[in-house]
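Subject: Structure handover

Hello,

Here is the structure I promised. Please open it alongside the sequence; my notes follow below.

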Amino acid sequence: MELRSLAEVHRTVSIPVAGSWFRRLFAFAGPAYLVSVGYMDPGNWATDLAGGSRFGYQLIWVLLMSNLMAVLLQTLSARLGVVTGKDLAQACRDYYPRALVYPLWVLCEIAIVACDLAEVLGAAIGLKLLFGVPLLWGVVITALDVLILLALSRLGMRRMEAFIITLVVTIGACFAAEMMLSKPGVGEILRGFIPHDAAGRVSLFARTPGGGFSMLGLDRQSLYIAMGILGATVMPHNLYLHSALVQSRAVEASVEGKRQACRMNLVDSVVALNCAFFVNAAILVLAGAVFHKSGLTQVARLEEAHRLLAPLLGTGLASTLFAVALLCSGQSSTITGTLAGQIVLEGFLRIRIRPWLRRMISRGLAIIPAVAFIMWKGSGAVDELLVLSQVVLSLQLSFAVIPLIAFTSDREKMGEFVNPKWVVFLSALTAVIIVALNANLVMQEVTGWLAAAGGNAVWLWLTVVPLGVGVGLLLVYITAVPLLQRFAPAWVRRAPEASSVHPPVPRAARAVMVTPAGEGGPSVSPAGMELLGAHRRVAVALELGPADRVVLDHVRSMKLRPDAELFLLHVVESAAGRYLGPESSDEETREDRAALEAMADELRGRGLKASVHLGHGDVKSELARLVAALGTDLLIAGAHGHRLLQDLIHGSTTSGLRHLVKCPILIVPAPDRDSAAGWREQEARH
């Protein structure tokens, strides 16, 4: 059974059938705004400040190019989610060999940690500038903002989007005021949209005085900042995020419904990402107008920019607005970063863990290096870490962009929504630019490291160089396979077709009966089949997962009374089910009911009386309520096979449930790992 992207909000936002075009657009508006906050996170601030103070308006064209790339790629990401019903991580898992799924997942997790690192540092700096909180303590405090995300997720998707949009509007208003105070030259800004070198000459390729070369006016110094801007603007984790967020809308499964969704998501992306472009351009222009023109070409630190804005612009309001916008940026982007981490983990590895634990892990992976770096080099070097984090994002970008283009250009996957030729051309050009800039940066940086290492360069040759070659070969592979399957399919070995025959039911161990025993607590004993015939009203708790096959096999083999009744129970845990209860009618509720009815029909065909009953919300309490309401004599439940840490990660139902019900519980052992894995693979193919 394929896990849904962000199952707690999957298809929970309804789309009006009637009404005006603007009403329907309003229903679709939201996912792109959540994505857009990643394009104005604190990592962007560091790179934009560095670019503006050192090179003036020279790199504005890089921002514009990055924004156009972002609009194109985010539109493709949204289309993939709407048409296929899968996010980018799930699509990668289904397409590439299993041996490559894990390297792709690791690279994506590194990018998310780099992104979260920038958000942690930005929020901590904002707390320091506004309230005087020491930077190290500010980093630790940011661990608590995961509670904000948990609270918002419980309120539903629309309220989360409203909160994010409020923060985005606050950031935009702050920088609109900053632009009015700095009064930049419009003509100089417009000239910055044409690629040129530091001397103002327009050039494609040129030799630099140091023996190197420049491309589009970018030498080694400006290229490093430009790559940071590219990585901060076109963010790889946002491509995974957008393809999942669009599935929160209850789009009609018809061709026309999907077409409408694609059009509305295009409008949503264009508007939201151009708002992000305004913020990024405002930061760079502010740095160019205030710092570069004043001769302060080395202003790259956020704290330094905050300190200098007030005296240079003649008002303390400028510094306050800067700090408020920075804090809002850090808080808003941390929400989308943790959501992206959840999507990547579930999509690549098909693992579901508790949301709070996933978000704490994501935040911990960012806080630990941030604290270590501050303790090692001091708070003065934090902005260097911000810029480095954005370069890491840029280097990972190719591994998200190329699969996205390949999937959305595949007619078998997209049908009539496949990319037209002009979109394929623009997408391929975007990928070429990204890969070329990345390759150029890697070559220049590694060459610089080898030259600076001197006699210790051998260690770089033994570690960094092989790692870079391996990553490069991986990039070549994920690029070549889609091309070969399209133009030379005979060269690519196809995966065998899935068999229509169900895999054999895993061999189960002996079931265990848990019976209430008064004050002494429940008693546990092996369950013999001769003890089961006395029960007339038997409830079967199903999770709609691998363990169900073993549970149902036990039910079929039981010697039930002729008048016995079977109650198939399942608890819907979607956001709509949790908050609307029995009144919810989201897709997850409908699909779960249909799956249970299919199981009940199979049991009825064997001459058994079976009925379906759904609960909504907390699993243990809802199962206990259903068991009591139905007057159940026996409850049958499957065991996940979790122990200790796995119980913490996935949650434990049976151990808590047995204290809430008065009837005996028959616990059926979980299938062995190999059989369960084969079952999952089989279900994923059907």
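L568 has a relative accessibility of 0%, so this residue counts as buried. The cut-off for buried is under 20%. L568 sits in strand β6, which covers residues 565-572. V538 is 30 residues away from L568 along the chain, and their C-alpha atoms are 8.8 Å apart. Keep in mind throughout that this is a predicted model.

**Helices α4 and α13**

How do α4 and α13 pack? Helix α4 runs over residues 60-84 and helix α13 over residues 255-292. Their angle is about 155 degrees, and their axes lie 9 Å apart. Angles over 145 degrees count as roughly antiparallel, so that is the label for α4 against α13. The crossing of these two helices, α4 and α13, is right-handed. Sorted by class, the α4 contact with α13 comprises 17 nonpolar residues, 7 polar ones and 2 charged ones.

M69 is a residue of helix α4. Its relative accessible area is 4%, so M69 is buried. In sequence, M69 and T430 are separated by 361 residues. In space, the C-alpha atoms of M69 and T430 are 6.5 Å apart.

**Aromatic pairs**

How many aromatic pairs does the structure hold? The count is 4. One of them joins Y95 and F407. The ring centres of Y95 and F407 are 5.2 Å apart, with 70 degrees between the planes. Planes over 60 degrees apart count as edge-to-face, so the Y95 and F407 pair is edge-to-face.

Where along the chain do Y95 and F407 lie? Y95 belongs to helix α5 (residues 88-95). F407 belongs to helix α17 (residues 382-408). The two residues are 312 apart, and the pair links distant parts of the chain. Are Y95 and F407 buried or exposed? Both Y95 and F407 are buried. Y96 joins Y95 and F407 in one aromatic cluster.

**Helix α6**

Helix α6 takes in residues 98-131, which makes 34 residues. At 1.5 Å a residue, α6 should span 50 Å. The C-alpha atoms at its ends are 49 Å apart, so the span of α6 agrees with the expected value. What follows α6? The next residue is G132, and its phi is positive, near 75 degrees.

Y102 is part of helix α6. Its relative accessibility is 41%, so Y102 counts as partly exposed. F348 lies 246 residues from Y102 along the chain. Even so, 7.5 Å separates the C-alpha atoms of Y102 and F348.

**The loop at K183**

K183 is in the loop between α9 (157-182) and α10 (186-191). What is the phi of K183? The value is near 50 degrees, which is positive, and K183 is a residue other than glycine. The relative accessibility of K183 is 70%. Exposed means over 50%, so K183 counts as exposed.

**For a look on screen**

- Strand β6, with L568 in it.
- The right-handed crossing of α4 and α13.
- The aromatic cluster of Y95, Y96 and F407.
- G132, with its positive phi, after α6.
- K183, in the loop between α9 and α10.

Best wishes

Terms used
Residues numbered from 1 in each chain as written. Predicted model: local features only at pLDDT ≥ 70, side-chain atom pairs only at ≥ 80, totals over all residues. Heavy atoms only, no water. Phe/Tyr/Trp six-rings, centres within 6.5 Å; stacked < 30°, edge-to-face > 60°. Helix = DSSP H or I, 4+ residues; strand = E, 2+ residues; numbered from the N terminus. Buried < 20%, exposed > 50% of the residue type's maximum accessible area, 1.4 Å probe, protein only. Axes fitted to C-alpha atoms, helices over the stretch in contact; angles between N-to-C directions. Parallel < 35°, antiparallel > 145°, perpendicular 65-115°, else oblique. Left-handed = near helix turned anticlockwise from the far one by under 90°. Nonpolar A, V, L, I, M, F, W, Y, C, P; charged D, E, K, R; others polar. Expected span 1.5 Å × (residues − 1).
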